[in-house]
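Trainee: Please take one buried side chain on a helix and follow its surroundings outward in detail. I should like the cut-offs stated along the way.

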Amino acid sequence: MPSIRINGAERALPADPRVSLLDFLRDHLHLSGAKKGCNQGACGACTVLADGERILSCMALAIQYQDRAIVSIEGLAEDGMLHPLQQAFIDHDGFQCGYCTPGQICSAIGMAAELKRGVPSYVSADVREENIVPSPDELRERMSGNLCRCGAYNGIVAAIAEQLP
Ligand code: FES
Ligand code: FES
């Protein structure tokens, strides 16, 4: 049976190939961390990690990720301990209602890996530079796909900045 790895556990893929990864997580597996904000790739609330890369789960079919490893916000804590970035969001008031927070945190983890690989952004002064300084402008640009209707952006940037090397 075709399967997908979700937060470390092997899961059978849905029989219906039209099921989005977001609906699979939320409706089939009852993992409600990833949110369905816009369901059209515009808000980032549904962001999860696929083999470490951030993706919009509303824009993906579950079956596209057969045999891949998906991590949602539910898969970040280890041994009852919050992921350091989860703790940083608490410490820096990086949320108010919390609706966007799972997507923000998954996105930031994927974004940190992009920075580490030297992937430039629109505001990078030199696209050849491999050691990109994660300035507030860089972080805001790289996180611009994740909207926060509460406007907790200052805390979000502070939390992410604290966790970057
Ligand atoms: S719900 Fe996926 S981007 Fe908004
Ligand atoms: S904390 Fe409410 S939408 Fe971001």
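**A close look at one helix residue**

Mentor: Gln86 has a relative accessible area of 12% and therefore counts as buried (under 20%; exposed is over 50% and partly exposed lies in between, with a 1.4 Å probe and protein chains only). The model is predicted, so local features need pLDDT of at least 70 and side-chain atom pairs count only at pLDDT 80 or more, while totals for chains, interfaces and linings use all residues. Residues are numbered from 1 along each chain as its sequence is written, chains are lettered from A and ligands numbered from 1 in the order in which they are written, and side-chain values use heavy atoms, without hydrogens and water.

Gln86 belongs to helix α2; helices are DSSP runs of H or I with at least four residues, strands are E runs of at least two, and both are numbered from the N terminus. Beyond its neighbours within four places in sequence, Gln86 contacts Ile73, Leu76, Ala77 and Ile105, where contact means heavy atoms within 4.5 Å.

Helix α2 (84-91) also contributes two or more residues to the largest nonpolar core, as do α3 (101-116) and α5 (153-163). Such a core is a set of buried Ala, Val, Leu, Ile, Met, Phe, Trp, Tyr and Cys residues joined through side-chain atoms within 4.5 Å. This one holds 22 residues, of which Leu85, Phe89, Leu139 and Ile160 touch the most other members. The greatest contribution, five residues, is that of α3. Phe89 touches Gly94, Phe95, Thr101, Gln104, Ile105, Ile156, Ala159 and Ile160, residues up to four places away in sequence being left out. A separate second core has 20 residues, among them Ile6, Ala50, Ile55 and Tyr65.

The helices α2, α3 and α5 reappear around the largest pocket, each supplying at least two lining residues. On a 1 Å grid over the protein atoms alone, a pocket is an open set of points where a 1.4 Å probe fits, with protein on both sides within 12 Å along at least five of seven lines, and lining residues have an atom within 4 Å of a point. The space in the largest pocket is about 340 Å³, a volume filled by probe spheres set on points joined across faces, edges and corners. Its lining has 16 residues, and Ala112, Leu115, Gln163, Leu164 and Pro165 are the closest to the centre. Helix α3 provides the largest share, with five residues.
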